Amino acid sequence: MCGITGYVGGRANSVRLTLDSLKRLEYRGYDSAGVAVVKPGEAQVTVLKKKGKLGNLEAALDGLDRSGGTVIAHTRWATHGRPNDVNAHPHSDCSGRIALIHNGIIENYIGLKQTLTEAGHIFKSDTDTEVLAHLIESHLNSAGSLEGAVRAALSEVTGAYAICVVSTEEPDTIYAAKTASPLIIGLGEGENFLASDIPAVMGYTRNVLVLEDGDFAKITPEGVTLTTLSGHPLNREVFHVTWDVSTAQKGGYPHFMIKEIYDQPQAIRDTLRGRITETHGVAFPELTLPTSKLVDFNRIVIVACGTAYNAGLVGKNFYEHLLRRPVEVQVASEFRYNDPIVDAQTLAIIISQSGETADTLAALREAKIKGATTLAVVNVVGSSIAREADEVLYTYAGPEICVASTKAYVTQLIGLYLLGLYIAQEENKLGPGVVAAYVEQLQNLPEQVAEILTDTSAVQDAAKQLASSSSFFFLGRGFDYAAAQEGALKLKEVSYIHAEAYAAGELKHGPLALVEPGVTVVCLATQSALYDKIQSSVKEVKARDGTALGIVKIGDEGLNENFVDMVLRVPSTHDTFMPVLAIIPMQLLAYYIASELGREIDQPRNLAKSVTVE
Ligand code: G6P
């Protein structure tokens with residue numbers, strides 16, 4: 001998400017160096033930037049931060065870039081608090097003697113902030129990060145050292161973090177630690193570098209230490225001391241980078257699409273983070289809507305475009321199944337002109353990765369005018385849709401760079417599932433333990449997605465055989481049909497092969513006329529109750545010499561290689577959550593077919609990441 005860089009050593013241009021390094025991370029996207037500089041003998045750490053691009057920060061440097069000193073610098077991708085100067089990092093304690101930068105989410109920041117405020121600490125920003133600066137300050141006396149205070153503070157926080165701390169106490173030192181967010185140290189001669197990603201340091205060194213979860217580092221110009229958070233010494237092997245910068249920006253992957261597919265386990269974890277209670281309930285501290293109102297809507301309307309619309313289709317099935325309430329999903333560009341049935345008893349759920357899609361924004365405004373309560377499921381904090389909706393539920397996919405959406409889709413599904421479970425929990429109409437049983441299965445999804453991604457050889461083989469197909473149909477019933485729509489969209493976006501999703505039962509009402517050799521039919525069969533039905537669709541395809549590819553649960557043999565030409569298997573979860581797992585082989589199939597065909601992949605022809613015109 002955010003970009004981190006840091007420097008300890010003797011260069012006079014250390015500020016410029018860390019900002020140049022941040023530019024190598026610009027591809028990740030950000031909304032504000034900041035820098036902290038500390039030199040021996042100074043009473044306070046100098047902190048400068050600006051909303052917008054790095055150029056805004058550079059324009060305000062006013063000689064700071066020639067000062068030398070120990071530096072930490074940051075580009076922020078907002079999660080808590082809007083993008084503005086104050087919420088930008090670094091954040092400082094009350095005394096101004098400590099400054100830190102952070103990538104991740106501090107889950108328990110609300111409670112910590114309250115305790116620290118009661119103890120007299122003054123907060124300036126709306127961020128979760130600022131809590132860490134004050135927490136370290138609060139431990140300084142009792143811990144007896146800056147290092148002890150940083151360790152003590154970190155042992156109190158839960159969540160995800162990569163942090164770098166500087167202080168006037170030890171002006172030649174950066175303390176760094178990580179859990180769940182990336183952090184690397186570049187090793188130089190008489191100087192060392194810190195960054196959230198390898199490309200940032202490649203201009204200065206190719207020897208790096210890749211920190212692992214729970215690592216704590218003390219970095220000075222002379223060296224790096226690695227320990228666990230509790231102080232046990234650690235040894236990590238030095239990694240010599242042989243990649244070029246463009247490969248390094250993609251984490252070693254050839255394209256952002258495949259990198260983002262592999263980001264998905266973490267993106268799901270980040271979206272679940274802080275929203276699951278110890279008793280497997282759902283918590284949404286960010287929602288301001290009173291429970292009485294939330295459970296009172298008699299109608300739910302979901303509005304979105306593209307992939308976000310496809311996520312909405314899964315949401316509809318889930319809400320109708322769980323809440324037994326009518327749910328409608330509308331393409332945003334149609335919504336306004338369809339004279340939608342929306343009133344004060346309607347909850348309008350607006351889904352958007354960017355939060356800027358013009359049609360979706362227009363639909364949100366229309367729903368508000370008609371009196372609906374609007375709730376946005378959005379990835380980009382502070383975006384137009386996030387600002388204008390009555391309620392916002394953020395997904396934490398991080399910046400998505402490939403035009404074809406992957407991790408945004410699965411996190412939208414997670415957000416929608418959580419919201420449905422939250423409403424069900426507050427409504428209290430389901431039997432005891434029902435919500436908890438769902439939540440337990442939700443929590444297993446990151447590992448199950450990771451399991452699919454550990455061996456992709458079957459998908460790669462299928463892609464080689466299918467890349468010459470003239471056309472694809474994706475068939476499924478129920479939740480499989482909803483997932484099939486996203487599978488077809490992925491394939492057409494990146495491979496340029498015609499692909500369409502159909503409710504499996506509709507095959508014989510039209511598309512069957514098109515099935516012939518060279519046409520591939522992807523049959524999703526992950527819904528236990530609908531297994532037999534999808535088998536008959538497969539028979540219809542095979543009888544016309546079409547190629548059939550099955551997507552099934554591991555252990556289900558009803559659609560094995562005796563029935564279909566190839567099978568891709570995924571782990572099992574509750575039927576309603578199967579789209580999260582079923583989409584992974586379809587994303588991979590789209591990616592590997594596009595690779596076989598030599599397509600652009602990250603920037604498909606004619607498409608844009610964010611469509612801000614109607
Ligand atoms: C464009 C993108 C899609 C995206 C859609 C909606 O078509 O290429 O990937 O799903 O817009 O975008 P949003 O940002 O509103 O989710």
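A polar contact is a pair of N or O atoms within 3.5 Å; within protein, one of the two must be able to donate a hydrogen and the other to accept it. The exercises below apply this and related criteria to a predicted model.

**Exercise 1. Decide whether Gln249 counts as buried or exposed, and find which backbone oxygen lies 3.1 Å from a polar atom of its side chain.**

Solution. Begin with the location: Gln249 belongs to helix H6, which covers residues 245-249. Next, take the accessibility, for which the cut-off for a buried residue is under 20% relative accessible area. Gln249 has 19% relative accessibility and therefore counts as buried. Then turn to the polar partner: a polar atom in the side chain of Gln249 is 3.1 Å from the backbone oxygen of Arg24. Finally, list the wider surroundings, leaving out residues up to four places away in sequence: Gln249 touches Arg24, Tyr27, Asp197, Pro199, Phe256 and Lys259.

**Exercise 2. Work out where Cys305 sits, how it is classed by accessibility, and which residues it touches.**

Solution. Cys305 is placed in the loop that runs between strand E15 (299-304) and H10. The class between buried and exposed begins where the buried range, under 20%, ends, and it reaches up to the exposed range, over 50%. Because its relative accessibility is 24%, Cys305 counts as partly exposed. For the contacts, again setting aside residues up to four places away in sequence, Cys305 touches Ala332, Thr357, Asp359 and Thr360. A further step compares sequence with space: Cys305 and Val331 are separated by 26 residues in sequence, while their C-alpha atoms are 5.6 Å apart.

**Exercise 3. Describe the surroundings of the ligand: which residues come nearest, which polar atoms its oxygen atoms meet, and how much of its area the protein covers.**

Solution. Start with the shell, in which 13 residues stand around the ligand and Ser352, Gln353, Ser354, Thr357 and Ala608 come nearest. Sorted by class, this shell holds five nonpolar, seven polar and one charged residues. Among the elements of the fold, helix H10 (residues 306-323) gives the most to the shell, namely three residues.

Now consider the polar atoms one by one. In the side chain of Ser354, an N or O atom is 2.6 Å from an oxygen atom of the ligand. For Ala608 the atom concerned is a backbone N or O, which lies 2.8 Å from a ligand oxygen. At Thr307 a polar backbone atom is 3.0 Å from an oxygen atom of the ligand. As a last step, take the ligand on its own, with 380 Å² of accessible area, of which the protein covers 89%.

**Exercise 4. Give the order of the strands in the eight-stranded sheet, and show how E1 is paired and covered within it.**

Solution. The sheet is open, with antiparallel pairing, and its strands follow the order E3-E2-E4-E1-E10-E9-E11-E14. Its edges are strand E3 (46-51) and strand E14 (239-240), each of which pairs on one side only. On one flank, E1 is joined to E4 by five bridges in the antiparallel sense, and Gly6 has Ile72 in E4 as its bridge partner. Towards E10, which also runs antiparallel to E1, there are four bridges; here Tyr7 is partnered with Phe193 and Val8 with Asn192.

For the cover, recall that in a regular strand the side chains alternate between the two faces of the sheet. In E1, Gly3, Thr5 and Tyr7 are buried on one side, and Ile4, Gly6 and Val8 are buried on the other, so that both faces are covered.

**Exercise 5. Find how many residues of helix H1 are buried, and what covers them.**

Solution. In helix H1 (residues 14-23), seven of the 10 residues are buried, and the helix is mostly covered. The buried residues are Ser14, Val15, Leu17, Thr18, Leu19, Ser21 and Leu22. Their cover includes strand E1 (3-8), strand E2 (32-38), helix H2 (54-59), strand E4 (70-76) and strand E10 (192-195).

**Exercise 6. Identify the pairing partners of strand E12.**

Solution. On one side, E12 pairs with strand E8 (residues 174-179) through five antiparallel bridges, with Ile174 opposite Ile219. E12 also pairs with strand E13 (residues 224-228) over five antiparallel bridges, where Ala217 stands opposite Leu226. E12 and E13 make a hairpin, with four residues between the two strands. As for cover, four of the five residues of E12 (215-219) are buried.

Technical notes: Residues numbered from 1 in each chain as written. Predicted model: local features only at pLDDT ≥ 70, side-chain atom pairs only at ≥ 80, totals over all residues. Heavy atoms only, no water. Near = heavy atom within 4 Å. Areas by Shrake-Rupley, 256 points an atom, 1.4 Å probe, with all protein chains shown as cover. Nonpolar A, V, L, I, M, F, W, Y, C, P; charged D, E, K, R; others polar. Buried < 20%, exposed > 50% of the residue type's maximum accessible area, 1.4 Å probe, protein only. Contact = heavy atoms within 4.5 Å. Pairing = 2+ DSSP bridges.
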